[in-house]
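Q: Please take a close look at one part of this model, the nonpolar patch on its surface, and tell me which residues make it and how far the prediction can be trusted.

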Amino acid sequence: MDLDFANVLIFLVVGCVFVLLNLTVSRLLQTRLFTEEKYIPYECGEDPVGDTRIKFNARFYIIALIFLIFDVEIVFLFPWGVVFREIGVLAFVEMVIFIAILLVGLAYVWVKGDLEWIRSIQSGSKESEVQ
């Protein structure tokens, strides 16, 4: 029984030794040239202009989060679709309820206006008229 896990132990030891050996060899062979150019922020081949700390529009994050939420839900739909004929009516009803919940979430985001990339100027002018 104790020898059953010996292969796993040997594999872990060899893996750790391999990683440590590669890190050590890399550390010994690397050249260390510290120049002023290395400390400049680099983006897409363009020289940095201005301050690197700028404000991003929150819509970038909102759209990304909405995409992730609905994209991850596909992970649940794909295996269900593969075994659809074997799972029966109860699983079908459960998936219909799941998709309905997703549609309610999509409708909420749509009505809230978070799917619009550019919001209308009128919504900003109404707020200024009230004040």
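A: This is a predicted model, and confidence varies along the chain: among its elements, helix α1 (residues 6–29) has the highest mean pLDDT, 94, whereas helix α5 (residues 121–130) has the lowest, 48. Over residues 124–131 the pLDDT falls below 50, and this stretch has 0 contacts in the model beyond near neighbours in sequence. Where pLDDT is low, the predicted coordinates should not be read in detail. For the chain, the average pLDDT is 79, and 81% of the residues score at least 70.

Turning to the patch, its nonpolar surface of about 1000 Å² is made by Phe78, Val82, Val83, Phe84, Ile87, Val89, Phe92, Val93, Val96, Ile97 and Ile101. The elements that give two or more residues to this patch are α2 (58–82), α3 (84–87) and α4 (89–112), and the largest share, 6 residues, comes from α4. Val82, which is found in helix α2, is exposed because its relative accessible area of 57% is over the 50% cut-off. Phe92 has a relative accessibility of 37% and therefore counts as partly exposed.

Aromatic rings also connect these helices, with a count of 2 aromatic pairs. In one of them, Phe76 and Phe98 are arranged edge-to-face, with 6.1 Å from centre to centre and 80 degrees between the planes; Phe76 lies in helix α2 and Phe98 in helix α4, 22 residues apart. The rings of Trp80 and Phe92 have centres 6.5 Å apart and planes at 20 degrees, so this pair is stacked, and it links Trp80 in helix α2 with Phe92 in helix α4, 12 residues apart.

Definitions and conventions: Residues numbered from 1 in each chain as written. Predicted model: local features only at pLDDT ≥ 70, side-chain atom pairs only at ≥ 80, totals over all residues. Heavy atoms only, no water. Patch = residues over 30% accessible without salt bridge, like charges linked within 9 Å, V, L, I, M, F, W, Y side chains within 5 Å. Areas by Shrake-Rupley, 256 points an atom, 1.4 Å probe, with all protein chains shown as cover. Salt bridge = Lys/Arg side-chain N within 4 Å of Asp/Glu carboxyl O. Helix = DSSP H or I, 4+ residues; strand = E, 2+ residues; numbered from the N terminus. Buried < 20%, exposed > 50% of the residue type's maximum accessible area, 1.4 Å probe, protein only. pLDDT = per-residue confidence, 0-100. Contact = heavy atoms within 4.5 Å. Phe/Tyr/Trp six-rings, centres within 6.5 Å; stacked < 30°, edge-to-face > 60°.
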